[in-house]
Structures are given as structure tokens and as C-alpha cells.
Amino acid sequence: MYTNPSLIQSCGFEKGFEMSSAQTDFEIKVKMQNNVDSGAPRNVTSEVDSEQLILSPAEPHKLSENRTVEAELLGDLAGYNEIPSMSNKMLMIPFHSGSDPATALATNQDQWMLIDKTEISLDGRECDRVGTSFTAFRYQSGACQKPVGSCLSNQLLDRYEKDLNRTRDGLTPLHLLGRYTGQPAIGKAPSTAGSGALILQFPITQIRNSIVTLSVQADSLRFVINASPGEILSAQVCKFANVTCGGFEALTDVGYLTVEVKNTGYIQADYTATVSNCSVGVIDMGAQKVALQAGQSEQLPSFLVRMSSDAQQDDLFCWVGLRDSLGELTDTKEVNFYVNQTAYNQKTLQPDSKDGNGVGDAPKDLDCTDYCPNILDVPCFLVKRCWSRLLLLFGLILLVLATGSLCLTAIRRGWCVKIFVCWGKLVFSKGSKKKKSKGSSKKKKRNLRESIAVKMMSKMMEESFGSKGDIDRVHTAESHGLVMQAMNPLSTSVQSSQQAVASTTPTTGNEMVYLALTPLGTPPWLFSPGPFCCLIGKLQVVQSMPGLPPDYIFTVPEHHALQRVAFNAETGNYQRLPQPMSFDPDMVTLVLDEKTVHQMISTSPRGACLN
């Protein structure tokens, strides 16, 4: 027995005990009863009416007191499955400060662990092993280039927490004693002998046959076998500790088939539980025997279900049978289960830092994003218990529904049209702003467009109307009670530029004039202006230089900067808008020369007046 008090954990000290070779311990009871002679008086009995002989590996040979029965245990037949070997492991038991050995051995048995000797540093000089000392941590090679926590991993607390996580997920622990019993608590509580030696006991669930010889006087010998009917109450495949039932992950772990049987007869009898006729890929399981009193029910130790393939299968089955002591089948039950595809761990990646100057990150376990990378894989979320991924999926669905509902509301209420108009105004305003020359005054910068815009506008007017300034006829449009008055072509000939301006346009700025928008094309800052439209505004004369013709500025007052009429392309008519739409009056502040004024400005509307 080896004790290592240097292994310190948060709960106190851990003592390690070396495991010796395993030994099988059992008892066979031979009970004898002598019948009293019926001719003798009833109050006269033999000295020995009943006697019991107990055979064991320690005492294999017994003789009755009257020397009529001799029983001898010759030996055991080999079992179908091997008993787990513990000689290469050490038993780690937590000892709290101030607790006596008897108390420590009687409590915290669910924290006892069996650790392989190759994973333990007995002298404390090796890193990342149970029992690593400060000396190994202090003098590890290349300590400054290694991640935080190097040389201190794989300690008892790390292994214990990892086994707890596996148990909560329904996986078999790696080091806890439940690995060898199929349940969190061990099958039989350990005990200490009188000498203080620790004895760790595990139940053997497989069938073990012993050869026993009985030597008796066979004058009136009768051999009786008790046979009684039985019933299978339940049978199901679960994960470790019955965390979840129905299936498990192939090859990663084993499934635990729990079976509960009952003696439905009136005498004590032996039964044999078998698992057979399983689906392809399920490895055969050994039978189990149980002795039940009349009316007694008992849950058998779990059958270990193992798979030979890593593939996913949804419709697996096995048949559980119950046979009496004569071998007759008394009950059967089909068990259905599934297995998930084996999730292989990703290969270890090489660190990014190759020159040894950086500090890397400690490796981490796989999370839900590794097991279920597809955000729509709901079955994977349920099997792996990835509730955060499931909530994220629901959140995305709600976000899509809310966005769709908002878009439908915006379309019904006309918000999309307003946004498009505002965007058009922004684009047009950015495209129409130009830099002025350095010699212009502040007043001219505020009120006049630069000369480049005037020349471009004049050129556009000439291309649209020709040199004589002819204007096309505008047709009358009538829709929903709104009638547009048709305008006759302007036939006044231009005798003199000054007389033409005086006869067609005001110069005081107080009278309203109309600007034809047809030569401008389709302004993006107006909503559906149509082919024949105009805007109402004011025209002012600006005397630029002495001896040169004056310039004219067309502006729209603030109270007229509202579009009230729009062109309906479906009906081909102009209609009044349900709600006026505002526009930036600076977008139609134009600097015009005399020729352009004659072509675009009039004292009466040419087509539909939009504002």
C-alpha cells in the first residue's frame, strides 16, 4: 500500500493506495434437513434436524456433524468475460484535515478514483501528472514561452470535474468507481478488515459456475428443482446513471440496458435473463442469473450495450427473455433504441507562434458550435443539449419575422416612397453643388449658381427647343375632379431681347411665374412629375456687369415648396396627392439668361402645376 500525502487538492489531501491482484470471494450454502421417522412419538426428534454447510475458496471442504453428508468445492469454471484488472491502478481517496481514517473511508465514496500508475508522478518531478510538485513547475523547460497553467494540468481535481461533466451528460466516467459498477455509487460499500487493510469490493454480474460434489446416503434421495413463472416488468436502454433513456452515442460510450423482473409464483426459484436476437451491429451480451422469493421483484445489474459501427442508426432492437430454472421461456420483451453517429474529436492543432516569443492559449474542449455547426440542426441541439444554439435559432426566426412585418407596414403606409424621395433629394443635391470662383462675393455665392451650370442649362434648352424656342403643345388632363387648362403655343416673336423680357416676365419679384420642367427631364427629388408639368415661383433680375445683359434667378418660396400633384402612370392623368410632400426649394433655384427665360418661364402654367 502506498500513501502520497503530497497530492494536495482544494478539498484536502488525497491518499493513494496501490491495488493488489484481484481475488474472487463467494459462499455456497448447502442446507440439509433430516425427516423425523413417522413411527416415533411426536415429541421425539433426532439430535440434528437441520444443518447448513458453507463452502468458500477459503474453506472448500465440509462434513456434516452426523457424518452423513460430505460437500467439497472443486473449483470454478472460466467465465465468459474477464474480470477487470486493477493491479496497474492506484485508488485515490480524499482525506480532509482533522478527519480520522475510519470516517474518511466511510464517506465520500462517490469521490474515490482509480488512476493508472502511468498517469501519476510518484516523486513529483514530472509535469502534467497527478502529484506534480512545485519543483517540476518551477524548473520546466521554456516556461516563459508556454501558456498559462502549463505543467499543472491533469491533476486530480481536473479529472474529478471532467468525470462529473461526463456523468451529467450521461457518459461513463473515466476514473470514478462508477465506471466499474454502471451507476454513480459503488455496488458494495468498501470495508476495512481488523488489521486496517482496505478492501475494495465490486460485484460480478456475469454468470460464474462452480463445481461442488455432495457425498450422501442415497437410499431415499430425491433431487428437487424449484421452478416458478416470472415476468419482465420493464426494459430500456439508457445512458450512464439513467440521465436520459432511448439511446446513446456509438463507440464513444456504451448503453446501459436496465431490466426489472418479478417472481409471479409462490415459491423461491432461480431465473436467467438473456438478451438476444439484436439488430446487426449490436455486440452480443452475456446472460445474468437471479434468485427471487415468491412475489419479489428486482432490477438486474445493467447489461452493457456495445456497437461495432460508428454510424447513426434509429431503429435498433433487442429481445429480452426470462427463463426459469428448468430453462423454459416464461416471458419476452422487445427493447427499441437508437445510436447517434460517433463525434470524433478534432486533431490537435499546432501553435501559431513558431519562434517561441508569444504566449499561446490553453486547449479547450469542444463546444456546441463544434458538435452542431449548422444553425438549423434542431435535432442535434436537442441531443447535445445545446440550448444556447436553440435560443439563437429562435431569436433569428423572430428577427426575420419582425423585419418582414416592418417592411409590410412600411409598404402599406408609404414609408418606402418617402425614403426613396429623400434619397433622391440627397443624391441630386450632391450632384448639383459646384465650387464657385474665388472672386465671387458672399451674396453671389448664396444666390447664384455658378456659370458652368448656366451654360449647361442654356445648352440643354437649345437642344430641346431649337434656336427659335418653339414649345410643344400641352394636352389637357382631367382626373378625379382636377382639370388642367391647355396652353396655346407661344407665338410671340422676339423683336428685341429687352422687349421680350418686359412683355413676358416681371422684374419686381412680387408676381408669380411658372417654370416648365419638361426641358429638365425627370428630377429625382420630385415624386412622379410626369411629362407636362411646371412649378410656381418668383423671378428676379440680377444686374451682373455694366453693359452686359442681366441675369435672372428663379426661386420657389418656402410656402410653395410642397408637391401637391403627381402623375399617375396607370391612368395617364395627374392626381392630387393625399398628403403634400415637401422638397428642398434650393433644388430649383436656377440662374437663367434671357433666351432661357423665354423658353422656360411664363406667366401662366404650362401643364400641371405640381406645387
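A disulfide here is a pair of cysteine sulfur atoms within 2.5 Å. In this predicted model, Cys534 misses that mark: its sulfur sits 4.4 Å from the closest cysteine sulfur, in Cys609, which is too far for a bond. Looking from the other end gives the matching picture, with Cys534 holding the closest cysteine sulfur to that of Cys609, too far for a bond at 4.4 Å. Cys534 is buried, too, at a relative accessible area of 0%.

Elsewhere things do link up, and the whole structure has four disulfides. One of them pairs Cys127 with Cys151, the sulfurs 2.0 Å apart, and its -80° about the S-S bond makes the link left-handed. This pair ties together distant parts of the chain, 24 residues apart: Cys127 lies in the loop between β8 and α2, and Cys151 in the loop between α2 and α3. Cys127 is partly exposed at 30% relative accessibility, while Cys151 is buried at 2%.

Another disulfide, Cys278 to Cys318, has an S to S distance of 1.9 Å and is right-handed, with 120° about the S-S bond. Again distant parts of the chain are linked, 40 residues apart, from the loop between β15 and β16 (Cys278) to strand β19 (Cys318). Cys278 is partly exposed at 23%; Cys318 is buried at 2%.

Then there is Cys238 to Cys245, also a disulfide, at 1.9 Å, right-handed with 90° about the S-S bond. Cys238 is buried at 0%, whereas Cys245 is partly exposed at 37%.

As for the backdrop, the protein has eleven helices and 30 strands, and 33% of its 611 residues are buried.

Terms used: Residues are numbered from 1 along each chain as its sequence is written. This is a predicted model: local features need pLDDT of at least 70, side-chain atom pairs count only at pLDDT 80 or more; totals for chains, interfaces and linings use all residues. Side-chain values use heavy atoms; hydrogens and water are left out. Helices (H or I, at least four residues) and strands (E, at least two) are DSSP runs, numbered from the N terminus. Buried means under 20% relative accessible area, exposed over 50%, partly exposed in between (1.4 Å probe, protein chains only).
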